[in-house]
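Biologist: Please take one part of this model and look at it closely. I would like the aromatic pairs and their surroundings, then whatever else helps me place them.

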Amino acid sequence: MTAETVLVTGATGYIGGRLVPRLLEAGHTVRVLVRTPEKLRDVPWADQVEIFEGDLTDRASVDRAVVGIEVFYYLVHSMGAAGDFEQIELTSARNVAAAARQAGLKRIVYLGGLHPDTAELSEHLRSRTAVGRILLDSGVPTVAFQAGVVIGSGSTSFEMIRHLTDVLPYMPAPKWVRNKIQPIAVRDVLYYLLSAASLPPEINRTFDIGGPDVLRYGQMMNGYALEAGLRQRAIASLPVLTPWLASQWVNLVTPIPRSLAIPIIASLQYDCVVNEHDIDGVIPPPPGGLTGYRTAVKLALGRMKVGDVETSWRNSSIEGASSNPLPSDPDWAGHIVYTDLREMHTPAKPADLWRVIEGIGGDNGWYSFPLAWAVRGWMDKIVGGVGLRRGRRHPDELHTGEVLDFWRVEQIDHGSFLRLRAEMRVPGLAWLEMTVTPADDGGSMYRQRAVFFPRGLGGRLYWFSILPFHGVIFSGMANRITATAAAESPVLRA
């Protein structure tokens, strides 16, 4: 494989975040174009790549990013976006096509969706197909891979299958559970993407890619059940469950938010199988062959068991969730802001207290009034929010930009400071901060601050309506976190 200078878009996403380190291992020089460089601050390969801040809808930033580039990886899409996302995607594709042609790039590599040629496509599949067509017509040699359901630890499709199967011993399901699907393991998707960088210039076309198994969606659920040590699930196909109703059902019983569930389910309305195997004549199958579905599930479960999930759907940007950082305190002047501040001393060493803070959420919970947290999560799911069950990528470690239940890590200074930004539906903007400082007696001071910027009268009423619960929830958090740190401190236990 010839070493190239490559640009990766979507490096903060599920596929792009896994592709970058593999490109580096293969000897390529890598540049990434991201809207929020701060999200890459803690990834292990951040200091090995060149990071450009920009947006594909901004032609000028694309022009700057492609200077000196040979291969462009187009791995972004707006699956969870609202509004006129089709126009956004078309504008982005046209900007990339024009910039790549002007800069004389050697190749564009695009990952789109597997779809039938004859059916009326969902708006998201239609948009992704149109993006591929624009890139293929750009004048720059382009490979547009078309993949179906991607199976891997942390992938949206795998998580949906996992949670539906784990939660429901019997599942009334839409008729699309009878449709045929050809899933592909994420390791095989990455293999094809990596290999595409060195394809000859005469190749300019789409390629269908899929794993060796063609299954019905119900068979995929029961294949997961067998690998997870569960009984196979009874599945009843009901024609009355429309895609919209099914997406609401998925939103309620899984951590997948409605904004992601809707396009996934819309794409399952058709048989999604490979129509041609021409890729085999261009890129040979990976050593050992393509990964079977149940093997892919087994590998994903193994990764999850040891906490080794590289990237996850959870870290995708969520429609309607704020991405604004907390302003510095002087910027609050002239604005309504509500805070809840708790400070406590603990005999635990700072490192022991930090260990508890960094492990908060997910299976460990929030250390106070779990019923109240659960109810708040269900309320959020009902109105289309993310809910409390997104969990966390790793049981013990947090990084900037990662999801933590219905929060996102906005800033983390390991060992001393954690700031979380709320992504639940609230009439305003909310943050939660936890700080550790050494105490003079060898213990630690714990500082916990909740900050809320209300939006209009509704935001003010919301704050005062939950104010009585703060004395229980926030004081309970502070008490339990500091007490847990003391109880788990090796020095204090000795």
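Modeller: What follows starts with the ring pairs, moves to the surface and ends with confidence and two buried sites.

The model is predicted. A search of the whole structure finds 12 aromatic pairs. One of them joins Tyr338 and Trp463. This pair is stacked, with 5.4 Å from centre to centre and 15 degrees between the planes. Tyr338 sits in strand β14, residues 338-346, and Trp463 sits in helix α13. The pair therefore ties together parts that are 125 residues apart in sequence.

Is Tyr338 buried or exposed? Tyr338 has 15% relative accessibility, so it counts as buried; the cut-off for buried is under 20%. Trp463 is buried as well, because its relative accessible area is 7%.

Trp463 has a stacked partner in Phe452 too. Here the centres are 5.8 Å apart and the planes differ by 10 degrees. Phe452 belongs to strand β19, residues 444-454, while Trp463 is in helix α13. The two residues are 11 apart, and the pair is a link between distant parts of the chain. Phe452 is buried, because its relative accessible area is 3%.

Which residues make up the wider cluster? Ring pairs link Tyr338, Phe452, Tyr462, Trp463 and Phe464. Trp463 thus has a stacked pair with Tyr338 and a stacked pair with Phe452.

Helix α13 also reaches the surface patch. Phe369, Leu371, Val375, Met379, Phe469 and Val472 make a nonpolar surface patch of about 560 Å². The elements that give two or more residues to this patch are α12, residues 370-382, and α13, residues 456-488. The largest share comes from α12, with 3 residues. Phe469 lies in helix α13. Its relative accessibility is 43%, so Phe469 counts as partly exposed. Helix α13 therefore carries a buried residue, Trp463, and a partly exposed one, Phe469.

Now the confidence. The chain has a mean pLDDT of 85, and 89% of its residues reach 70 or more. Among the elements, strand β4 (residues 71-74) has the highest mean, 98. Helix α14 (residues 490-493) has the lowest, 64. Over residues 318-323 the pLDDT is below 50. That stretch still has 14 contacts in the model beyond near neighbours in sequence. Residues 329-333 are also below 50, with 8 such contacts. Where pLDDT is low, predicted coordinates should not be read in detail.

Two buried sites complete the picture. Val177 is placed in the loop between β8 (170-174) and β9 (180-181). Val177 counts as buried because its relative accessibility is 2%. Which residues does Val177 contact, leaving aside neighbours within four places in sequence? They are Arg216, Tyr217, Gly218, Ile235 and Ser237. The C-alpha atoms of Val177 and Leu268 are separated by 8.2 Å, and these two residues are 91 apart along the chain.

Ser92 is the second site. Ser92 lies in helix α3, residues 85-103. With a relative accessible area of 7%, Ser92 is buried. Not counting residues up to four places away in sequence, Ser92 touches Leu56, Thr57 and Tyr74.

Key: Residues numbered from 1 in each chain as written. Predicted model: local features only at pLDDT ≥ 70, side-chain atom pairs only at ≥ 80, totals over all residues. Heavy atoms only, no water. Patch = residues over 30% accessible without salt bridge, like charges linked within 9 Å, V, L, I, M, F, W, Y side chains within 5 Å. Areas by Shrake-Rupley, 256 points an atom, 1.4 Å probe, with all protein chains shown as cover. Salt bridge = Lys/Arg side-chain N within 4 Å of Asp/Glu carboxyl O. Helix = DSSP H or I, 4+ residues; strand = E, 2+ residues; numbered from the N terminus. Buried < 20%, exposed > 50% of the residue type's maximum accessible area, 1.4 Å probe, protein only. Contact = heavy atoms within 4.5 Å. pLDDT = per-residue confidence, 0-100. Phe/Tyr/Trp six-rings, centres within 6.5 Å; stacked < 30°, edge-to-face > 60°.
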